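User: I'd like to walk through this model one piece at a time. Could you reason through each point and finish on the answer?

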Amino acid sequence: MEIMEDLKKMYQKYYDKELYIVGALDCFGAPHTPDNEVQKSYIDMLAEDLIINDIHVNYVNMHSIAFNKTWELKSIIDADYTKKEYYDLNLAQAKKAVAKDNVFPYPLHERFLSDYYKNPSNPNLKITSHLADANNPIFIYSCGQMNFHQYSKMRTNDIKQIIPEILLHSFDNLYRTLSDVKKMVDYLISINPSVKIYMFGVYPMFENAMIRNILTPFYQYANNKVSELCDTYNNVYFIDVIDNKNHVAENDVHPDFKGQCYMKNQVLKKILTTNK
């Protein structure tokens, strides 16, 4: 596969011992949808593809159905959890979220809470300390889907109610998000100036397909603004995932398995084109 050959050349050029990758923030990176039989998100599949092609990868999947606000990420980074500490904490918070009424009014994959949070490799590795010491680490970050709307409202079919509400608050939410993202990007760079940050954009994360299509132009506008912010840095790169609107799991708002594969491919292509 040509793209993997190019990635191996990139790895040999930039990395001495390992490629350290962190995927962080937002529930769209958690593979809990019922159709995801392999229980893998985009970052799990990305790491597997790289490892199979003899690239030494050490990765952390920090995507969460519980910790998914932009401001929550800094507290996790500051805590400098080990991998096992974070996965255990994430599991406990996920169980609390699942137990709440109307949060997940559809069945999560039956293996999600047992398989997704299984003990990772290198369980005692401190996530932030290793980020600070790594050579050109990669940090894949979401600009914050949850900043734009409350989860319960993503499931609505009331077009007359939700469209005006989203648009009424859209610019306040957008500029708050841009401010939050800039603070977090600056913070990550202060931890390790060699970090390469890959920033996922947003997509209309609604169960109703008509609502997704009506709101797509606003989300494209938001993505343009996020991309412009990324362009002000030398080491921050925007990843467009607007087509995830076509990969929404049945009776859900999150990406289905095809959506996770789509995100993995978008990340792979961007990493390759920004490291030549």
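**Lys-95 and its surroundings**

User: Where along the fold is Lys-95 found?

Analyst: Happy to start there, keeping in mind that this is a predicted model in which local features need pLDDT of at least 70, side-chain atom pairs count only at pLDDT 80 or more, and totals for chains, interfaces and linings use all residues. Residues are numbered from 1 along each chain as its sequence is written, and side-chain values use heavy atoms, without hydrogens and water. Helices are DSSP runs of H or I with at least four residues, strands are runs of E with at least two, and both are numbered from the N terminus. On that numbering, Lys-95 sits in helix 4.

User: Is Lys-95 buried, exposed or partly exposed?

Analyst: Buried means under 20% relative accessible area, exposed means over 50%, and partly exposed is in between (1.4 Å probe, protein chains only). Because the relative accessible area of Lys-95 is 45%, Lys-95 is partly exposed.

User: What separates the C-alpha atoms of Lys-95 and Ile-65?

Analyst: Along the chain, Lys-95 and Ile-65 are 30 residues apart. In space, their C-alpha atoms are separated by 9.5 Å.

**The chain as a whole**

User: How many helices and strands does the chain have?

Analyst: Reading along the sequence gives the pattern α-β-α-β-α-α-α-α-β-α-β-α-β-α. The chain comes to 9 helices and 5 strands.

User: What share of the residues of the chain counts as buried?

Analyst: Helix 2 offers an example, with Tyr-42, Ile-43, Met-45 and Leu-46 among its buried residues. Over the 276 residues of the chain, the buried share is 57%.

**Positive phi values**

User: What is the phi of Gln-39?

Analyst: Gln-39 belongs to the loop between strand 1 (19–24) and helix 2. At 6% relative accessibility, Gln-39 is buried. Its phi is positive in a residue other than glycine, near 55°.

User: What about the phi of Asp-80?

Analyst: Asp-80 lies in the loop between helix 3 (70–79) and helix 4, and with a relative accessible area of 14% it is buried. Although Asp-80 is not a glycine, its phi is positive, about 50°.

User: Which residue follows helix 2?

Analyst: Helix 2 covers 42–52. The residue that follows it has a positive phi, near 65°, and is Asp-54.

**The largest pocket**

User: Which residues lie nearest the centre of the largest pocket?

Analyst: A pocket is an open set of points on a 1 Å grid over the protein atoms alone, where a 1.4 Å probe fits and protein lies on both sides within 12 Å along at least five of seven lines; lining residues have an atom within 4 Å of a point. The largest pocket is lined by 19 residues. Helix 2, strand 2 (57–62), helix 4 (83–99) and helix 5 (112–116) each supply at least two of them. Nearest the centre are Asp-44, Tyr-59, Tyr-87, Tyr-116 and Lys-118.

User: How does the lining of the largest pocket split by class?

Analyst: Ala, Val, Leu, Ile, Met, Phe, Trp, Tyr, Cys and Pro count as nonpolar, Asp, Glu, Lys and Arg as charged, and the others, Gly among them, as polar. The lining of the largest pocket has 8 nonpolar, 5 polar and 6 charged residues.

**Ala-132**

User: What distance separates the C-alpha atoms of Ala-132 and Val-195?

Analyst: Ala-132 is in helix 6 (residues 127–133) and, at 35% relative accessibility, is partly exposed. Val-195 is 63 residues from Ala-132 along the chain, and their C-alpha atoms are separated by 8.7 Å.
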